[in-house]
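I opened this notebook to record what I looked up in the structure, entry by entry. I begin with a single side chain and work outward from there.

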Amino acid sequence: MIRVLLLTLLLAVSTMGFAPSPAFRTAAPSTSELGVSIKIDVGEGEPIESALRRFKREVNKSGHMMELRHRRNFENSQEKKKRKIKEGRMRKRMERMNRRRMQNRT
């Protein structure tokens with residue numbers, strides 16, 4: 001019972017893509033709106049847990065949650081610049097670590 005309910009909820013969310021239907025829009029779209037289009041295909045007989053896991057992974061990879069987290073509070077241009085520099089440093093560091101890891105595999 002719960003599995004069927006979760007599966008229908010997952011399918012509804014994945015087909016809807018978190019975007020409200022046009023009937024709910026009365027005003028012009030806001031500038032803070034994110035265009036989310038994340039979809040996963042649930043295989044026949046696939047456990048709902050693995051489908052949810054794949055859905056969460058896709059959401060994380062798309063970066064929408066990170067963007068929403070940054071938009072939660074106002075961030076002036078200086079703070080945004082500092083954050084972008086910090087993220088760039090972390091990205092470069094992770095790339096170096098992955099490169100070293102791949103070299104050590106051979």
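Entry 1, arginine 83. I looked up the accessibility of arginine 83 and found a relative value of 17%, so this residue counts as buried, the cut-off being under 20%. I noted that the model is a predicted one, and that arginine 83 sits in helix H4, the part of the protein where confidence is highest, at a mean of 94.

I then asked which side chain makes a polar contact with that of arginine 83. The partner is the side chain of histidine 70, at 3.3 Å. Arginine 83 also forms a salt bridge with glutamate 75, and here I read 2.9 Å between the closest N and O atoms. Following the shared partners of the salt bridges, I found that Glu75, Arg83 and Glu87 are joined into one network.

Entry 2, the other salt bridges. A search of the whole structure gave me 5 salt bridges. As a reminder to myself, side chains of opposite charge can pair when their charged atoms come close.

I looked next at glutamate 67 and arginine 71, whose salt bridge has its closest N and O atoms 2.8 Å apart. Why are these two separated by about one helical turn? They are separated in this way because both belong to helix H3 (residues 64-71) and stand 4 residues apart there. I checked how open each partner is, and found glutamate 67 partly exposed at a relative accessible area of 31%, while arginine 71 is likewise listed as partly exposed, at 38%.

The pair of lysine 61 and glutamate 58 was my next stop, and for this salt bridge the closest N and O atoms are 3.5 Å apart. Both residues lie in helix H2, with a spacing of 3 residues, about one turn of the helix. Is lysine 61 buried or exposed? I found a relative accessibility of 60%, so lysine 61 counts as exposed, the threshold being over 50%. Glutamate 58, with 32%, is partly exposed.

Entry 3, helix H2 itself. I recorded that H2 covers residues 48-62, that is 15 residues, and that the distance from its first C-alpha to its last is 21 Å, close to the 21 Å expected at 1.5 Å a residue. I also listed the residues of H2 that are buried, namely Ile48, Ser50, Ala51, Phe55 and Val59. Just after the helix I came to glycine 63, which takes a positive phi of about 85°.

Entry 4, a nonpolar patch. Which residues form a nonpolar patch on the surface? I found Met90, Met94 and Met97, which together have about 260 Å² of accessible area. I followed up one of them, methionine 90, which lies in helix H4 (residues 77-105) and counts as partly exposed at 45% relative accessibility.

Entry 5, the whole protein. I counted 4 helices and 0 strands, which read along the sequence as α-α-α-α. Of the 106 residues, 14% count as buried, and arginine 83 is one that is classed as buried.

On confidence, I noted an average pLDDT of 78, with 65% of the residues scoring at least 70. Confidence is lowest in helix H1 (residues 2-16), where the mean is 59.

Notes:
Residues numbered from 1 in each chain as written. Predicted model: local features only at pLDDT ≥ 70, side-chain atom pairs only at ≥ 80, totals over all residues. Heavy atoms only, no water. Expected span 1.5 Å × (residues − 1). Buried < 20%, exposed > 50% of the residue type's maximum accessible area, 1.4 Å probe, protein only. Salt bridge = Lys/Arg side-chain N within 4 Å of Asp/Glu carboxyl O. Patch = residues over 30% accessible without salt bridge, like charges linked within 9 Å, V, L, I, M, F, W, Y side chains within 5 Å. Areas by Shrake-Rupley, 256 points an atom, 1.4 Å probe, with all protein chains shown as cover. pLDDT = per-residue confidence, 0-100. Polar contact = N/O pair within 3.5 Å; in protein donor to acceptor, adjacent residues only side chain to side chain.
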